[in-house]
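Here's a quick walk through one protein chain, written for someone who likes to see where the contacts are. Have the viewer open as you read.

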Amino acid sequence: MSQQEQPKRPQEPVKYGDVFEVSGELADRPIAPEDARMMQAKETSVLGHTQKGGIAATMQSAATANRRGGFVEPGVATYLDPDRGTSVAQTDVQGARVTKESIGVQDLGQYVEPRPVTTAATGVSAQSKITIGQALEATVQTAGKKPVDQSDAAAIQAAEVRASSDNVIAPGGVAASAQSAADYNAAIEFDENKIKLVDVLAGATRKLKEDKAVTKQDAEGVVSAELRNNPNLSTYPGGVADSLTAAARLNEKGGI
């Protein structure tokens, strides 16, 4: 092969911001081999395996490309401080399990999966379907500290409407609380003084007048509502739309 026929070397490394919804300094950092190795180890430790096509697999592909391109060295990590390294955490909510993967203080992604529940009538464990209420509660684990804004309120309203058979927003319900929180926060300067998603969505299943399993159509409606009300035309990582989408995907795989 002549010099002219040889493939061109990549001009830029694959950065976190290229493949994940992250911001700030991390978005501009190349994905490093040691980051990928640590995330694979954490996934295996917590989940028992590495997720096919998941966070660790994505990081490994990017780190391999960066190493071949000469942008990073083997054994290099983005964060030398172990306290700011990779993490995989699982939290159980009613009928579902939320897995959140992070590096430093930023979330790279989440998985929501149904978990076995025991029925009172039979005492037999059965695989549960993830409902809209459960998906909203799962958002507390992945984005609970986020101040409620208009995009969140719109997404929560869309979710409550789809959970209801009569498409009515209940006074004092989760959607009404979210809208009140968004209106209040709009006049508050500092995030620490604002109402957070955890304040609105904790116990969401009990606050809904009705509930139902999340479908692809439900998720699409919630995503559309969140996008329309976000100035950046994007959904928040691990937020309401992301949680409903993840739940719908799992329910669809389960034949719902």
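How many aromatic pairs does the count come to, if ring centres have to lie within 6.5 Å? The count comes to one aromatic pair, and keep in mind that we're looking at a predicted model. Rings can also partner with charges: the charged end of Lys-146 sits over the ring of Tyr-236, at 5.1 Å from the ring centre.

Now for the overall layout. The chain has eleven helices and five strands. Of its 256 residues, 43% are buried. If you take contacts between residues at least 6 apart in sequence, 62% of them join residues at least 24 apart.

On to the nonpolar cores. The largest one holds 38 residues, and the members that touch the most other members are Ile-156, Leu-201 and Leu-244. Several elements each supply at least two residues of this core, and here they are:

| Element | Residues |
|---|---|
| β2 | 96-103 |
| α5 | 132-143 |
| α6 | 150-163 |
| α7 | 174-185 |
| α8 | 197-201 |
| α10 | 216-228 |
| α11 | 240-253 |

The top contributor to this core is α6, which gives seven residues. Let's zoom in on Leu-201: leaving aside residues up to four places away in sequence, Leu-201 touches Leu-136, Glu-137, Thr-139, Val-140, Ile-156, Val-174 and Val-240. Apart from the largest core lies another one, of 16 residues, with Val-22, Ala-36, Met-39 and Leu-108 among them.

What about empty space inside? Searching the whole structure turns up one cavity of 30 Å³ or more. The largest cavity has about 40 Å³ of space in it. Its lining is made of Glu-160, Ala-163, Ser-164, Val-168, Ala-170, Leu-208, Lys-209 and Glu-210.

Last stop, Thr-91, which lies in strand β1 (residues 86-93). Is Thr-91 buried, partly exposed or exposed? Its relative accessibility is 27%, so Thr-91 counts as partly exposed, given that buried means under 20% and exposed means over 50%. Not counting residues up to four places away in sequence, Thr-91 touches Ala-96, Arg-97, Val-98 and Gln-141. There's also a link across the sequence to look at: Thr-91 and Ala-138 are 47 residues apart along the chain, and their C-alpha atoms are separated by 8.5 Å.

Key: Residues are numbered from 1 along each chain as its sequence is written. This is a predicted model: local features need pLDDT of at least 70, side-chain atom pairs count only at pLDDT 80 or more; totals for chains, interfaces and linings use all residues. Side-chain values use heavy atoms; hydrogens and water are left out. Rings of Phe, Tyr and Trp (its six-membered ring) pair if their centres lie within 6.5 Å; planes under 30 degrees apart count as stacked, over 60 as edge-to-face and the rest as tilted. A charge sits over a ring if NZ of Lys or CZ of Arg is within 6 Å of the ring centre and within 35 degrees of the ring normal. A nonpolar core is a set of buried Ala, Val, Leu, Ile, Met, Phe, Trp, Tyr and Cys residues joined through side-chain atoms within 4.5 Å. Buried means under 20% relative accessible area, exposed over 50%, partly exposed in between (1.4 Å probe, protein chains only). Helices (H or I, at least four residues) and strands (E, at least two) are DSSP runs, numbered from the N terminus. Contact means heavy atoms within 4.5 Å. On a 1 Å grid over the protein atoms alone, a cavity is a set of points where a 1.4 Å probe fits but cannot get out, and a pocket is an open set with protein on both sides within 12 Å along at least five of seven lines; lining residues have an atom within 4 Å of a point. Grid points are joined across faces, edges and corners, and a volume is the space filled by probe spheres set on the points.
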